[in-house]
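Subject: Structure for your review

Dear colleague,

Please find below the structure that I am handing over to you. My notes on its charged pairs and on one of its helices follow it.

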Amino acid sequence: MTESVVAEPIVRKRDAERTRAELLAVATEAFAESGYAGTRVDEIAERTQTTKRMIYYYFGGKEQLYLAVLENAYRGIRETEQAIHAGDLPPVEALRQIAELTYDHHRNHTDFIRLVSIENIHHGEFIKRLEGLRTLNQPAVDVLEVVLERGRSEGSLRADVDALDVHLLISSYCFFQVANQHTFGYLFDRDLLAEERREHLRSMIGDVVVAWMTASTVPVAVGAAKPAK
């Protein structure tokens with residue numbers, strides 16, 4: 001009898017967590033397709049075969065649901081980065097893995113890219129209401145800072161580039177692959193998401209980051225004579 005009483009709340013909790021996760025997944029697809037203004041809660045309820053009232057029960061309203069979608073989307077990439085255990089790898093290898101893993105995540109989560117694009121179109125109107133998102137995203141820079149510090153200490157990485165610069169470079173490249181796939185594809189007749197080019201484009205960002213971070217910081221003057229071999 002006691003076991004039954006204890007088990008029932010646990011089952012209800014798991015059911016609630018599963019329902020909330022399912023609603024969040026469908027809402028992510030809907031908002032990524034149509035943006036905040038173009039998405040109706042009724043449509044999400046229909047897709048999930050539930051009711052508008054149920055969605056409001058779990059999230060409170062359309063705005064709260066959208067904010068939950070945004071936060072969850074950013075949480076996904078941050079959790080992926082943490083899974084690398086970069087501290088266990090040599091600095092150069094850790095940098096490559098972070099860059100290539102970010103490429104994989106962005107390519108595999110196109111809804112994330114669309115959501116970020118929509119937010120930027122609207123000048124970050126909603127993301128600014130998520131005060132905790134800066135804290136959630138800080139580990140992205142912290143992980144890189146730990147790697148860079150170890151690399152500087154052992155002399156394998158240059159010391160004049162900060163972690164945010166590296167994060168900017170990686171994010172820009174990986175974001176472009178998805179966000180600009182249609183315009184780039186039309187203008188240059190190349191499918192950035194073609195499976196046969198995946199490994200090439202994946203390794204490219206790893207090569208770029210590693211080459212940049214291991215390059216000499218001494219500038220070479222234009223037209224300077226090359227040293228004799």
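A residue is called buried when its relative accessible area is under 20%, exposed when that area is over 50%, and partly exposed in between. Please keep in mind that this is a predicted model, and that the values below are computed from it.

**A pair within one helix**

By the cut-off just given, E100 counts as buried, because its relative accessibility is 11%. Its partner R96 has a relative accessible area of 22% and is therefore partly exposed. The side chains of E100 and R96 form a salt bridge, with 3.5 Å from N to O. Both residues belong to helix α5 (residues 91-108), where they are four residues apart, or about one helical turn. As background, an α-helix has 3.6 residues a turn, so residues three or four places apart point the same way. Side chains of opposite charge can pair when their charged atoms come close.

**A pair between distant parts of the chain**

In total, the structure contains 17 salt bridges. One of them joins the side chains of E63 and R129, at 2.8 Å from N to O. This pair connects distant parts of the chain, 66 residues apart: E63 lies in helix α4 (residues 62-82), and R129 lies in the loop between α6 (110-121) and α7 (133-154). E63 is partly exposed, at 30% relative accessible area, and R129 is also partly exposed, at 38%.

**A further pair and a network**

R152 and E145 meet through their side chains in another salt bridge, at 2.9 Å from N to O. R152 has a relative accessible area of 22% and is partly exposed; E145, at 30%, is partly exposed as well. Elsewhere, salt bridges with shared partners join R96, E100, D104, R198, R202 and D207 into one network.

**Helix α7**

How far does α7 reach from its first C-alpha to its last? The helix has 22 residues and spans 33 Å, close to the 32 Å expected at 1.5 Å a residue. Its buried residues include L133, L136, A140, L144 and L148. N137 and G151 are buried in this helix too. Among the elements that cover the buried residues of α7 are α4, α5, α8 (163-179) and α10 (198-214). After α7 comes G155, which has a positive phi near 85°.

When you open the model, I suggest starting with E100 and R96, the salt-bridged pair in α5.

With kind regards

Key. Residues are numbered from 1 along each chain as its sequence is written. This is a predicted model: local features need pLDDT of at least 70, side-chain atom pairs count only at pLDDT 80 or more; totals for chains, interfaces and linings use all residues. Side-chain values use heavy atoms; hydrogens and water are left out. A salt bridge is a side-chain nitrogen of Lys or Arg within 4 Å of a carboxyl oxygen of Asp or Glu. Helices (H or I, at least four residues) and strands (E, at least two) are DSSP runs, numbered from the N terminus. Buried means under 20% relative accessible area, exposed over 50%, partly exposed in between (1.4 Å probe, protein chains only). The expected span of a helix is 1.5 Å times one less than its number of residues. Contact means heavy atoms within 4.5 Å.
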